[in-house]
Amino acid sequence: MDSEDDTKDDVDSGNESSGDDVDFVMDETHSTRERQTELEEYPYEVLSTEEIVQHMVDCIKDVNTVVEIPATTTRILLNHFKWDKEKLMERFYDGDQDQLFAEARVINPFRKPVIQRPKQPRRISSSGAEECEICFSILPNSMMTGLECGHRFCTQCWCEYLTTKIMEEGLGQTIACAAHACEILVDDATVMRLVRDARVKLKYQHIITNSFVECNRLLRWCPSPDCSNAIKVAYVEAAPVTCRCGHISASRAERIGTTPYDAVCSGSGLRNAMTTLRRPTG
Ligand SMILES: [Zn+2]
Ligand SMILES: [Zn+2]
Ligand SMILES: [Zn+2]
């Protein structure tokens, strides 16, 4: 025994980068990993805020590899189906697409030219200036903007409108066009383009992320009040999960079991963390 060890040591000292040693270490790591997988009866993943956003982007990309529509439209559709990709696909291919887009409150991107345009904005001069129907300012085209529904307002009015919706009403995915009675939803890219205040943008992103987690059957926030991680499970089952912060909780299934699913989705308010983002009083 001793003589064997000595021999090995001698070989190592004579040959510093011994390939055999590396292989041996890797084998051991591999077997440890296999053992861990066997123990993980209930696979789950802990996601940070950035990873939640990435997961949301990946979901949109997944759908867009099959359905070629703008990513912003996909996000609205996915939110309409509570981020259930299969359900969205099913409806997209089996049902009435016009009705699907109308229900989700977006313009059908395949039928844009057919959509009846609402009243054209008043063109004041041959130079192409338009009058904003909110503030009545007469402005160049470049300062006017709108959604696919054709309602156009000045960027300043849009900014104020969106800021009010986000900061005072706490709306995210469901902000409608600023035109009276127009139900078409403002997509996230438009919000991020028109809102200038970083604080408002941040709150909007929080609302969007929160809605994504709250509505997704396979995601839930870590219940620890100081933690902003979410737990992503592979399937819905009542099994304990441990967050990176150390908080152990039951998986989402337990909540669904006691609360109607829709109530979980629409009824829960924003995270505690978000209260710090509320606008200062006065
Ligand atoms: Zn205006
Ligand atoms: Zn509109
Ligand atoms: Zn946690």
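# Worked exercises on helix packing and burial

Met192 counts as partly exposed because it has 13 C-beta neighbours inside 10 Å (20 or more other C-beta atoms within 10 Å would make a residue buried, 12 or fewer exposed, and anything in between partly exposed, with C-beta atoms placed from the backbone). The model is a predicted one, so local features need pLDDT of at least 70 and side-chain atom pairs count only at pLDDT 80 or more, while totals for chains, interfaces and linings use all residues. Residues are numbered from 1 along each chain as its sequence is written, and chains are lettered from A and ligands numbered from 1 in the order in which they are written.

**Exercise 1.** Place Met192 in the fold and say how far its C-alpha atom is from that of Cys159.

*Solution.* Start with the element: Met192 sits in helix H8 (helices are DSSP runs of H or I with at least four residues, strands are E runs of at least two, and both are numbered from the N terminus). Next, take the pair: Met192 and Cys159 are 33 residues apart along the chain, and their C-alpha atoms are separated by 9.8 Å. For the wider setting, the protein has 12 helices and 9 strands, and buried residues make up 23% of its 282 residues.

**Exercise 2.** Work out how helix H7 packs on helix H9.

*Solution.* Geometry comes before residues here. Two packed helices are described by the angle between their axes and the distance between the axes.

1. The axes of H7 (residues 155-167) and H9 (residues 198-215) come within 10 Å and cross at roughly 50° (axes are lines fitted to C-alpha atoms, for helices over the stretch in contact, and angles run from 0 to 180 degrees between N-to-C directions).
2. That angle makes H7 oblique to H9, since angles under 35 degrees count as roughly parallel, over 145 as roughly antiparallel, 65 to 115 as roughly perpendicular and the rest as oblique.
3. The H7 and H9 crossing is left-handed (the near helix is turned anticlockwise from the far one by less than a right angle; clockwise would be right-handed).
4. On the H7 side, Thr163, Ile166 and Met167 meet Val200, Lys203, Tyr204 and Ile207 of H9 (contact means C-beta atoms, placed from the backbone, within 7 Å).

**Exercise 3.** Do the same for H3 and H5.

*Solution.*

1. H3 (residues 49-66) and H5 (residues 85-94) pack at about 25°, with their axes 11 Å apart.
2. That makes H3 roughly parallel to H5.
3. The crossing of H3 past H5 is right-handed.
4. Cys59, Asp62, Val63 and Val66 in H3 meet Lys85, Leu88 and Met89 in H5.

**Exercise 4.** Is H4 mostly covered or uncovered, and what covers its buried residues?

*Solution.* Count, then look around. In H4, 8 of its 10 residues are buried, so the helix is mostly covered. Among the buried residues of H4 are Thr73, Arg75, Ile76 and His80. Their cover includes H3, H5, helix H6 (97-103), helix H8 (188-194) and H9. After H4 comes Lys82, with a positive phi near 50°.

**Exercise 5.** Which residues touch the most other members of the largest nonpolar core?

*Solution.* The core has 41 residues, and Leu162, Val186 and Ala230 touch the most other members (such a core is a set of buried Ala, Val, Leu, Ile, Met, Phe, Trp, Tyr and Cys residues joined through C-beta atoms within 7 Å). H9 gives the largest share of this core, 6 residues. Leu162 touches Ile175, Val186, Val191, Leu194 and Val195, not counting residues up to four places away in sequence.

Terms used:
Contact = placed C-beta atoms within 7 Å.
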